[in-house]
Amino acid sequence: MSEQREPVGVIGVGWVGLVTAACFAELGHPVIARDILQEKVDSLARGEVTIHEPGLADLVRRNAERLTFTTEMSELLDSARLLFVCVDTPPTYSGDADLSRVRAVVEELPEGSEHVLIMKSTVPAGTGEAIRRDMPGLSYVSCPEFLKEGTAVADFMHPDRVVIGADPGDEDAAAAVAGLYEPLGQVLHTDVSSAEMIKLASNAFLATKISFINEIANVCEEVGADVGEVARGMGLDERIGSSFLRAGIGYGGSCFPKDVTALKMLAGNTGYHFQLLTAVIEVNELQKRRVVGKLEKHLGSLLGKRVALLGLAFKPDTDDMREASSLVLAARLQGEGAEVVAYDPVASERAGQLLASVTLTGSALEALEGADAAVLVTEWSEFAELDWADVARRMARPLIVDGRNFLDPTTLRAAGFDYEGIGKVQAAPAAAATE
Ligand code: UGA
């Protein structure tokens, strides 16, 4: 009765791959997804989703009969013509993108393959051209992914834009990919190199906005202004826009740090020094460390002080710890001799593997009990619901640095806290600092 939709192949079942597979299945396509990790494939085949991404586990279970997971490339090649490459491209020591996993995929394609290779992995501009040169006759389409962790399913289903890059000769392949996305929204057709640059430039621009507002925040602290008000006023100018102007303790995650550096390196490899991105990266690194100074202002030396970190993941609604600001902050605090305790609603397990000698607790209250200071690192909604007057009584000293400007300063101060935000009017230095 229902027409058979075009089968879709997905190579690499990480965050992007699994969301892509599950969403195309939801749109009615038979999907075959391949990963090299047998364990991952087995657990997905049982309907077990190990990453924390709202709505994703439901989608995988609901579409189980349209979703096949395998480790065998041949199974994938036999079942689908359209192959989405979703393997990761982590940074190398030099900061360039590591394309070895992408290359391994290309090498697995048979000579004279009639498949369409659709690149979702973030790759430097020029990668598609190089692959086409190595594999003449291969149909190649660049289709960068713009989804955000935490809202990935909604982002896939309601994209701002779908970018499809293809070079002359691959018009049919581009049309086939556009057909898949037709129900979802606006498609921008362009060439492969421009599509690759759109992805890198978009992430680099968003990271630039964050570093910019973080520097404005630092100046606000000096002149007695409030960065929240400044961002609100700036955002009303529609040329600026209000999004990505939340000041905090720096951006993290698997994308911004890697992609900003990769774009800087890509430019550098051509002989062009991308000065602005050098500053964006440096500002972000320094921003993660500024919390230490704020604590010292109130506590003096941090030696032997117990500091509770609230949240560890790089942002809420994910358990992803990659490039999380908490990692740098915890190390800096320990470097100053502080005892660090931490709580995250979902990332503790992943964090445990990365944060040696940080005590992880099962609740926020446990972390805060007897602490000399708290730092809000990730804006999980449950932290807004804490009874802060009760927390103030349980802490050795009611001091909080709100690294995401997430809590209400008036409530916190009424509860007895010394409250420090980012880019806000500064609290008076407490006596201990001058003792
Ligand atoms: C980012 C992009 O937003 C996606 O469009 C892109 O597809 C993705 O990278 C990718 O390349 O795969 P993501 O890393 O999931 O998505 O997270 P974001 O929500 O963009 O947040 C990134 C970081 O910036 C977080 O640490 C967040 O706390 C921080 N941030 C964000 C701020 O500090 N201030 C803001 O105003 C916004």
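In this predicted model, an oxygen atom of the ligand sits 2.9 Å from a polar backbone atom of arginine 246. Phenylalanine 146 also reaches the ligand through its backbone, where an N or O atom lies 2.8 Å from a ligand oxygen. Lysine 315, by contrast, uses its side chain: a polar atom there is 2.8 Å from an oxygen atom of the ligand. Taken alone, the ligand would expose 710 Å², and the protein buries 94% of that area.

The surroundings of the ligand can be described residue by residue. The shell is made of 19 residues, and the closest of them are Leu147, Glu149, Lys199, Asn203 and Cys255. Sorted by class, the shell holds nine nonpolar, two polar and eight charged residues. Two elements give two or more residues each to this shell, namely helix H9 (192-223) and helix H11 (256-269). Helix H9 gives the most, with three residues.

Stepping back from the ligand, the protein chain as a whole contains 18 helices and 14 strands. The C-alpha trace spans about 75 × 50 × 40 Å along its principal axes. For a chain of 435 residues, a compact globule would have a radius of gyration near 22 Å, and the 24 Å of this chain agrees with that expectation. Buried residues make up 53% of the 435 residues. Among contacts with a separation of 6 or more, 73% join residues that are 24 or more positions apart. The chain exposes about 19400 Å², of which carbon and sulfur atoms supply 52%.

A few single residues help to make this picture concrete. Serine 211 belongs to helix H9, the helix that gives the most residues to the shell around the ligand. Serine 211 has a relative accessible area of 3%, so it counts as buried. Beyond its neighbours up to four places away in sequence, serine 211 touches Tyr251, Val280, Val283 and Asn284.

Aspartate 320 is found in a loop, between strand S9 (306-310) and helix H13 (325-335). A place in a loop may sound like a place at the surface, so is aspartate 320 buried or exposed? Its relative accessibility is 3%, and aspartate 320 is therefore buried. The side chain of aspartate 320 makes a polar contact of 2.9 Å with the side chain of arginine 322. With residues up to four places away left out, aspartate 320 touches Trp15, Glu149, Ser254, Ala313 and Phe314. One of these, Glu149, is also listed among the closest residues to the ligand.

Histidine 29 is another loop residue, placed between helix H1 (15-26) and strand S2 (31-34). Histidine 29 counts as buried because its relative accessibility is 6%. The side chain of histidine 29 reaches the backbone oxygen of glutamate 6 at 2.7 Å. Glu6 is also one of the residues that histidine 29 touches outside its sequence neighbourhood of four places, a list completed by Arg5, Val8, Phe24, Arg66 and Leu180. Aspartate 167 lies 138 residues from histidine 29 along the chain, and the two C-alpha atoms are separated by 26 Å.

Alanine 97 occupies the loop between strand S4 (82-85) and helix H5 (100-107). With a relative accessibility of 17%, alanine 97 is under the 20% limit and so counts as buried. Leaving aside neighbours within four places, alanine 97 is in contact with Thr89, Pro90, Thr92, Pro124 and Ala262. Asparagine 269 is 172 residues away from alanine 97 in sequence, yet their C-alpha atoms are 12 Å apart in space.

Finally, two residues are notable for their backbone angles. Most residues other than glycine have a negative phi. Phenylalanine 244 is not a glycine, but its phi is positive, at about 60°. Phenylalanine 244 lies in the loop between helix H10 (227-235) and H11, and its relative accessible area of 25% means that it is partly exposed. Asparagine 405 likewise has a positive phi, of about 45°, without being a glycine. The loop that holds asparagine 405 runs between strand S13 (399-402) and helix H17 (409-414). At 21% relative accessibility, asparagine 405 counts as partly exposed.

Key. Residues are numbered from 1 along each chain as its sequence is written. This is a predicted model: local features need pLDDT of at least 70, side-chain atom pairs count only at pLDDT 80 or more; totals for chains, interfaces and linings use all residues. Side-chain values use heavy atoms; hydrogens and water are left out. A residue is near a molecule or strand if one of its heavy atoms lies within 4 Å of it. A polar contact is a pair of N or O atoms within 3.5 Å; within protein, one must be able to donate a hydrogen and the other to accept it, and residues adjacent in sequence count only if both atoms are side-chain atoms. Accessible areas come from the Shrake-Rupley method with a 1.4 Å probe; for residues, only the protein chains shown count as cover. Helices (H or I, at least four residues) and strands (E, at least two) are DSSP runs, numbered from the N terminus. Ala, Val, Leu, Ile, Met, Phe, Trp, Tyr, Cys and Pro count as nonpolar, Asp, Glu, Lys and Arg as charged, and the others, Gly among them, as polar. The radius of gyration is taken over C-alpha atoms; the globule rule is 2.2 Å times the number of residues to the power 0.38. Buried means under 20% relative accessible area, exposed over 50%, partly exposed in between (1.4 Å probe, protein chains only). Contact means heavy atoms within 4.5 Å.
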